[in-house]
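Dear colleague,

I am handing over the structure we spoke about, which is shown just below. After it I have set out what was found, in the order in which I would read it.

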Protein chains: 2
Amino acid sequence: MIIFEYKKMKQQTEKELIWIYESHNDVRYGLKGKLIKQEKTPFQEIKIIESKRYGKGLLLDNAWMTTEKQEKQYHECLVHPAICGAKDLNKVLIIGGGDGGTARECLKYKQIKNLDMVEIDIRVIELSKQYLPSLGDKAWNDSRLNIKIKNAIEWIKQAKNNYYDVIIVDGADPKGPAKQLFDINFLKDCKRVLKSGGIFATQSESPESFREIHIEIIQTLRKVFDYADPLYGSVPIYPSGWWSWTFASDEKPRYLSPKKERVLEISAQCEIWSTRWQQGAFNTIPAFIERVLKS
Amino acid sequence: MIIFEYKKMKQQTEKELIWIYESHNDVRYGLKGKLIKQEKTPFQEIKIIESKRYGKGLLLDNAWMTTEKQEKQYHECLVHPAICGAKDLNKVLIIGGGDGGTARECLKYKQIKNLDMVEIDIRVIELSKQYLPSLGDKAWNDSRLNIKIKNAIEWIKQAKNNYYDVIIVDGADPKGPAKQLFDINFLKDCKRVLKSGGIFATQSESPESFREIHIEIIQTLRKVFDYADPLYGSVPIYPSGWWSWTFASDEKPRYLSPKKERVLEISAQCEIWSTRWQQGAFNTIPAFIERVLKS
């Protein structure tokens, strides 16, 4: 009887499951699951889903942003090369990052005294806290975290010179509210706000599915900073799964030399990132991108 | 009027297009296109599709094998680390590889005098020649290529000792006809057939979607050979897109040291592979796999 009830329940659940897709240039990536929340904010449409494979997930304007069981592949790669390489580590700025994963990775470093997060859409934060609590985890209650619900493009114009040791841009694809996060004027503002010895980091799209945008981000950052280099990895839920993050600094490429004491603090907690992985990931630039950047 | 006709034609074509998926563990990867050929052979079901994004593509038992415009990401990574590192380069063996892409990459090296290909299913070769001619390209008419339509598991038992300089296993996932290509007895036969100074190479699945199998392949190869190391890359059409190839040799890890004259012969023709890329790709072992292999 219990077995029968269980079977019935299972069938019921199975029936309710649908395929939830992101479609991009005639390619689709789908997870089997349920839509559990859908909301239109002044900035975008937010969907929360419960997938069989990767737990709960977040979509903005029908593009996959993150899932509970496949988020470290993104957040570790964005955060650790920047944080481990910066000269000092007092004040860190996150632009975007409303799901909390980037803040969580940053706050693992005790040295960070102050972490500002400028997110445009309060509902991304609120729904992430409610449905994806493992993303932000303890960060949401960490007294070092200061959340500012602002348009970062406007906000950074007013921000103090030489203030942050690390700036991390954790935004969506360059359309909708995230579009201007890849604009040269915004990046120049970031440089002004960054302290000497600081590191700038941004997700920089796929060398495959967003090839032109990817190249443009690197080229623009090389105009603004003395050094900028892409690092390549894998985020299966994003278009093509082949993803990149780009790091920039002045005087020398500081992101290439992680500081040992910070590495020791963080390594055991990482799923993907290690100094070996990072060293490799800065070198796995595909030949077709390297040729364009050299030309 | 022409515009109207064009629109009509476009609508017609658009209507005929369907999503063609590979589903794996509640995750789906789909390309928009048309099914143009479907055939059941004694070994597997072959499908040829015409996709909007990546040109024509091949599926075996509903798993994506290759597409015209996304095949170098697989074939370059499998072939060049092996061919560039081997001591000599007279005789090369490909097991599987019926689409022709691996043979094409091998035959770019003038030094290779003889290339044997042992493929179980003649229809994979015939349909690839007919529908995906750019994969094999000039290889199909190269007098150095000898095709043997055989079960490689049986065939290799009879093969001569110390005969090949490089052995490349280009098989499907370990189920169906490809299952035994990951078995220790088959791998021991490969070692016996490999000359001293030779390199063995195999695709070794995804560290994400086939994590256990991936680890097992590396561990088994380390039992059979003195050295075996995985290399990581991206093949968007495969489950998770995050893919690996594993290389093995005796005495020293020869695959880590590509020979300069061979690199010069090949580099300009590669889309992904370069010595820098290769060096990086051997290091981007994710922390969770490195921990398991060290334990």
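At what angle do the axes of helix α8 and helix α11 of chain A cross, and within what distance do they come? Before the reply, please keep in mind that this is a predicted model.

The axes of helix α8 (residues 211-224) and helix α11 (residues 287-294) of chain A cross at roughly 40° and come within 11 Å. Since angles under 35 degrees would count as roughly parallel and those from 65 to 115 as roughly perpendicular, α8(A) and α11(A) are therefore oblique to each other, and their crossing is right-handed. On the side of α8(A), the contact is made by A:Arg211, A:His214, A:Ile215, A:Ile218, A:Gln219 and A:Arg222, while α11(A) contributes A:Phe288, A:Ile289, A:Val292 and A:Leu293. Sorted by class, the residues of this contact comprise six nonpolar, two polar and two charged.

A second helix pair is found in chain B, where helix α7 (residues 184-193) packs with helix α8 (residues 211-224) at an angle of about 45°, their axes being 10 Å apart. By the reasoning already used, α7(B) and α8(B) are therefore oblique to each other, and the crossing of α7(B) and α8(B) is right-handed. Here B:Ile184, B:Leu187, B:Lys188 and B:Lys191 of α7(B) meet B:Thr220, B:Leu221, B:Lys223 and B:Val224 of α8(B). The residues of the contact between α7(B) and α8(B) divide into four nonpolar, one polar and three charged.

Turning to a single residue, A:Val169 lies in strand β9 (residues 164-170) of chain A. With a relative accessible area of 1%, A:Val169 falls under the 20% cut-off and is therefore buried. Leaving aside its neighbours within four places in sequence, A:Val169 is in contact with A:Leu78, A:Ile95, A:Leu181, A:Phe186, A:Phe200, A:Ala201, A:Thr202 and A:Gln203. A:Glu76, for its part, is 93 residues from A:Val169 in sequence and 14 Å from it in space, C-alpha to C-alpha.

How, finally, are the two chains related? A turn of 180°, with a shift of 0.0 Å along the axis, lays chain A on chain B with an RMSD of 0.0 Å, which is the relation of a two-fold axis. In chain A, the C-alpha nearest that axis belongs to A:Gly280, at 1.8 Å from it. The same surface serves both copies, in that 100% of the contact residues of chain A recur in chain B.

With best regards

Technical notes
Residues numbered from 1 in each chain as written. Chains lettered and ligands numbered in written order. Predicted model: local features only at pLDDT ≥ 70, side-chain atom pairs only at ≥ 80, totals over all residues. Heavy atoms only, no water. Least-squares fit on C-alpha atoms with pLDDT ≥ 70 in both. Contact = heavy atoms within 4.5 Å. Helix = DSSP H or I, 4+ residues; strand = E, 2+ residues; numbered from the N terminus. Buried < 20%, exposed > 50% of the residue type's maximum accessible area, 1.4 Å probe, protein only. Axes fitted to C-alpha atoms, helices over the stretch in contact; angles between N-to-C directions. Parallel < 35°, antiparallel > 145°, perpendicular 65-115°, else oblique. Left-handed = near helix turned anticlockwise from the far one by under 90°. Nonpolar A, V, L, I, M, F, W, Y, C, P; charged D, E, K, R; others polar.
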